[in-house]
Each structure stands twice: as C-alpha cells, then as structure tokens.
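Reader: I would like a close look at one part of this model, the salt bridges. Please take me through them slowly.

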Amino acid sequence: MPATKDRAGRGRATPRPFALWREVLTAYAAPALTAGAAAVATGQRDLAVAAVTSIAGTSAVVAFLVGAWLRNGGRPRRWTTDLPRAVVAVVLVVAAAGAAALLGWCAARWLPAHTLVPSGVRTDRLRVDLPTSAALATAVVTLRWRSTLAR
C-alpha cells in the first residue's frame with residue numbers, strides 16, 4: 001500500500017464531469033415523463049401533447065442554451081464562480097423565465113393569427129409552459145454545472 005494514499009477522498013463521491021448532451025437529454029426526458037404521467041393519470045389530452053412538445057422541448061432548448069453559455073468553451077465567467085450557487089441560479093432563473101414568458105405570450109398571440117394553429121387551450125398553455133419549463137431547466141443545469149467545478 002503506498003504511503004501517499006489520499007485518505008480524505010475515500011468514501012466521498014466525485015461528481016461526474018459536466019456533459020452538455022447529458023443535461024439536455026435529461027432536461028427533455030424528465031418533464032416529458034412526469035407531465036406525460038400526469039396527463040395519463042388525469043386524462044388530459046392537451047397536457048399529453050404539451051408534455052412532449054412545449055414542456056419538454058422548452059426544457060431541452062433552455063438547458064442547451066444555459067449550459068453552453070455557462071460552459072463558455074470551458075472557461076467559466078468570474079461572477080458565475082464567485083457568487084454563491086443559489087444567487088447565480090436565481091439570477092439565471094429569473095432571466096430565463098422572463099425571456100420564456102415573453103416568448104410564450106408572443107407565441108400565444110402570434111400563432112393563431114398567422115398560422116393554421118387554432119387559438120384555444122393549446123396556444124394558451126404556452127404562457128405557462130414556457131416560463132415554468134425554462135425556470136426548472138435553468139435551475140437544474142446551473143446547480144449541476146456549479147457542482148462539477150473544481151473547488
């Protein structure tokens with residue numbers, strides 16, 4: 001047995017490295033499965049459609065954008081590493097949810113007027129689905145990214 005064995009690291013789980021593809025896949029699958037299960041349990045067809053389209057799709061896109069921005073080619077930005085994890089997560093969640101809420105509001109008004117998509121429940125869901133999905137995906141990706149940084 002070597003005399004220089006690291007005893008402090010024994011028993012402590014090391015986080016897996018941040019892999020953007022894994023985060024995006026999880027960001028799509030998790031809300032699709034949970035919202036899909038809720039749709040099946042409650043019998044809501046519009047929720048079942050939204051589970052695999054607007055809810056999971058928004059989560060995956062936001063996870064990709066936020067994860068790529070945080071990673072920035074492997075070099076983290078100074079304020080994202082200096083501030084506490086919770087503060088960074090809150091700042092990014094508010095920004096992502098605000099942008100998604102604006103996009104959802106615009107899409108809910110624009111789609112029925114300019115496409116063959118009828119107005120109604122499906123387009124109105126965008127006002128809730130997009131900001132909620134964006135907030136959850138941003139929080140998870142931000143906290144996961146910070147947990148993989150070297151101390």
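Author: The structure, which is a predicted model, holds 4 salt bridges. Side chains of opposite charge can pair when their charged atoms come close.

Begin with Glu-23 and Arg-144, which form a salt bridge whose closest N and O atoms are 3.1 Å apart. Glu-23 belongs to helix H1 and Arg-144 to helix H5 (residues 121–148), so this pair ties together parts that are 121 residues apart in sequence. Glu-23 has a relative accessible area of 8%. The cut-off for buried is under 20%, so Glu-23 counts as buried.

Helix H1 deserves a moment here. The helix covers residues 20–42, which is 23 residues. At 1.5 Å a residue, H1 should span 33 Å, and its end C-alpha atoms are indeed 33 Å apart, so the two values agree. Glu-23 is listed among the buried residues of H1, together with others including Leu-20, Arg-22, Ala-27 and Pro-31. Just after H1 comes Gly-43, with a positive phi of about 75 degrees.

Next, look at Arg-78 and Asp-82, whose side chains meet in a salt bridge at 3.1 Å, N to O. Both are in helix H3, and because they are 4 residues apart, about one helical turn separates them. Arg-78 has 67% relative accessibility. Exposed means over 50%, so Arg-78 counts as exposed.

Beyond helix H3 (78–82), Leu-83 sits in the loop that leads to helix H4 (85–114). Leu-83 is partly exposed, at 33% relative accessible area. Leu-83 also helps to make a nonpolar surface patch of about 390 Å², along with Trp-69, Trp-79, Val-87 and Val-91.

Now go to helix H5, where Arg-125 and Asp-129 lie 4 residues apart, about one turn of the helix. These two form a salt bridge, with 3.3 Å between the closest N and O atoms. Arg-125 is buried, with a relative accessible area of 19%, and Asp-129 is buried too, with 6%. This pair does not stand alone: salt bridges that share partners join Asp-46, Arg-125 and Asp-129 into one network.

To go over the pairs on the structure, find Glu-23 with Arg-144, then Arg-78 with Asp-82, then Arg-125 with Asp-129, and finally add Asp-46 to see the network.

Conventions
Residues are numbered from 1 along each chain as its sequence is written. This is a predicted model: local features need pLDDT of at least 70, side-chain atom pairs count only at pLDDT 80 or more; totals for chains, interfaces and linings use all residues. Side-chain values use heavy atoms; hydrogens and water are left out. Patches are made of residues with over 30% relative accessible area and no salt bridge: like charges are joined within 9 Å, nonpolar side chains (Val, Leu, Ile, Met, Phe, Trp, Tyr) within 5 Å. Accessible areas come from the Shrake-Rupley method with a 1.4 Å probe; for residues, only the protein chains shown count as cover. Helices (H or I, at least four residues) and strands (E, at least two) are DSSP runs, numbered from the N terminus. Buried means under 20% relative accessible area, exposed over 50%, partly exposed in between (1.4 Å probe, protein chains only). The expected span of a helix is 1.5 Å times one less than its number of residues.
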